[in-house]
Amino acid sequence: MNKVIQSHAEKVFANHSSIIGIEKSNVRSKNNVIVNGLSIVLLCLDESILPFGESPLPESLGDYPCDVRREFVMFGHCNNCTTVNIGCSIGISSGKSAGSVGFFVKSNDSQGFSKKGFLTAAHVAIEHCDELYEGSLLLSKHSLAQQSHKIIHPSCVDNAVHVVIGEVIESFFGNFGSNDIGIDAAFVQTNQQQLGEEIHLNIADENNLEFNGSMLVKKRGRTTGDTIGKLVDECMHVCIDSYVFQNCFAIEQMDIDTIFFDKGDSGSGVFVIDERDNSLKPLGIAFAFYCSKTAVCKIGQITDAFNVSVYDHEELMDIS
């Protein structure tokens with residue numbers, strides 16, 4: 001099913017402007033009744049409206065029936081923040097975007113001159129990320145690398161008083177590599193000194209992940225703080241403002257009353273909770289959300305693309 005979705009996603013998004021997401025499901029609606037059976041879910045802004053010149057929504061993709069569901073999707077952004085740490089408020093001086101500090105990372109420099117900083121979402125840190133998307137290049141290989149991309153804390157939307165804490169030295173916004181892995185991420189180099197012992201973090205092994213809702217995850221974001229969710233998909237496709245991101249992790253909130261991700265949380269790091277010892281392993285960067293699901297860029301592809309490692313200081317956030 002993943003291969004079917006990947007082979008059709010770009011064409012579906014291009015031909016149907018109302019479709020904003022594509023995902024898998026074990027159930028589908030048939031004559032207003034929920035029945036068991038594999039289906040490909042088409043998430044739409046309004047399935048009842050057929051835009052002029054467009055054909056009807058597909059009833060199937062490959063050998064799988066389509067189940068049309070109404071949703072909305074948007075990038076997240078930030079509000080208030082007072083400290084520079086995981087989940088804190090950041091932005092750019094123009095004030096047009098804001099978001100959260102994600103994982104602490106450092107470059108894998110064999111000469112011992114590693115650059116340190118943190119990850120966040122590209123759409124938070126790069127003003128003209130649309131140019132990155134069109135070029136399908138890393139920032140370091142794009143003409144935008146000739147410009148300065150300074151990051152402030154807290155964001156302008158949070159406080160008129162803020163300071164420059166770093167600068168973006170690498171970023172990607174689009175689908176990376178031959179496997180078209182959706183990445184919305186930026187590496188912000190900082191010169192701030194962190195207290196405590198530096199601890200290397202092993203990222204989650206994708207081969208050991210389960211996507212049936214049994215694995216819990218945790219994130220710390222600017223707006224919603226520490227929240228718990230369920231890992232439910234590894235092949236989420238999402239279309240936001242004409243930008244298509246493929247093969248992302250999908251996180252579902254625990255219940256209808258518990259929000260996992262909201263405006264202000266873009267760039268926050270998502271951890272898998274290891275039930276054996278309650279340890280936290282980096283899973284990815286949260287960057288967009290539906291009403292009930294959050295799209296997460298895969299950390300393994302980000303660290304490979306940026307040639308960085310994830311680390312923290314002393315203890316990770318408490319998971320209790």
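Which residues lie nearest the centre of the largest pocket? In this predicted model, they are Lys-24, Ser-25, Asn-26, Val-232 and Lys-293, part of a lining that comes to 20 residues. The pocket itself has a volume of about 480 Å³, so let's start there and work outwards.

Look at where the lining comes from. Four strands each supply at least two of its residues: E1 (19-30), E2 (33-44), E15 (225-240) and E16 (243-253). Strand E1 gives the largest share, with five residues. If you sort the lining by class, you get seven nonpolar, five polar and eight charged residues.

Keep Lys-293 in view, as it is one of the residues nearest the pocket centre and also takes part in salt bridges. One of its partners is Glu-23, with the closest N and O atoms 3.3 Å apart. In sequence the two are far from each other: Lys-293 sits in strand E19 (residues 293-298) and Glu-23 in strand E1, 270 residues apart. Are these two residues buried or exposed? Lys-293 has a relative accessible area of 13%, which makes it buried, and Glu-23 counts as buried too, at 4%. With the cut-off for buried set at under 20%, both ends of this salt bridge fall on the buried side.

Lys-293 has another partner as well. Its side chain meets that of Glu-252 in a salt bridge, at 3.4 Å from N to O. Because Lys-293 lies in strand E19 and Glu-252 in strand E16, this pair ties together parts that are 41 residues apart in sequence. Glu-252 is partly exposed, with a relative accessible area of 25%, whereas Lys-293 is buried. Put the pieces together and you have a network of salt bridges that links Glu-23, Lys-230, Glu-252 and Lys-293.

Across the whole structure, a search finds 12 salt bridges. Another one worth picking out joins Asp-67 and Arg-69, whose closest N and O atoms are 3.1 Å apart. Here Asp-67 is the buried end, at 6% relative accessibility, while Arg-69 is partly exposed, at 27%.

Now for the second largest pocket, which holds about 350 Å³ of space. It is lined by 13 residues, and those closest to its centre are Met-215, Val-272, Ile-273, Asp-274 and Glu-275. Strand E17 (residues 269-274) gives the most to this lining, with three residues. By class, the lining divides into six nonpolar, two polar and five charged residues.

That leaves the nonpolar packing. Which residues touch the most other members of the largest nonpolar core? They are Leu-119, Ile-151, Phe-287, Ile-302 and Phe-306, within a core of 57 residues. Strand E12 (residues 181-190) provides the largest share of this core, five residues. Apart from it lies another core, made up of 15 residues, including Ala-204, Met-215, Leu-231 and Leu-283. You have already met Met-215: besides belonging to this other core, it is among the residues closest to the centre of the second largest pocket.

How values were computed. Residues numbered from 1 in each chain as written. Predicted model: local features only at pLDDT ≥ 70, side-chain atom pairs only at ≥ 80, totals over all residues. Heavy atoms only, no water. 1 Å grid on protein atoms, 1.4 Å probe; cavity = no way out; pocket = protein on both sides within 12 Å on 5 of 7 lines; lining within 4 Å. Points joined across faces, edges and corners; volume = space filled by probe spheres on them. Nonpolar A, V, L, I, M, F, W, Y, C, P; charged D, E, K, R; others polar. Core = buried A, V, L, I, M, F, W, Y, C linked by side-chain atoms within 4.5 Å. Buried < 20%, exposed > 50% of the residue type's maximum accessible area, 1.4 Å probe, protein only. Salt bridge = Lys/Arg side-chain N within 4 Å of Asp/Glu carboxyl O.
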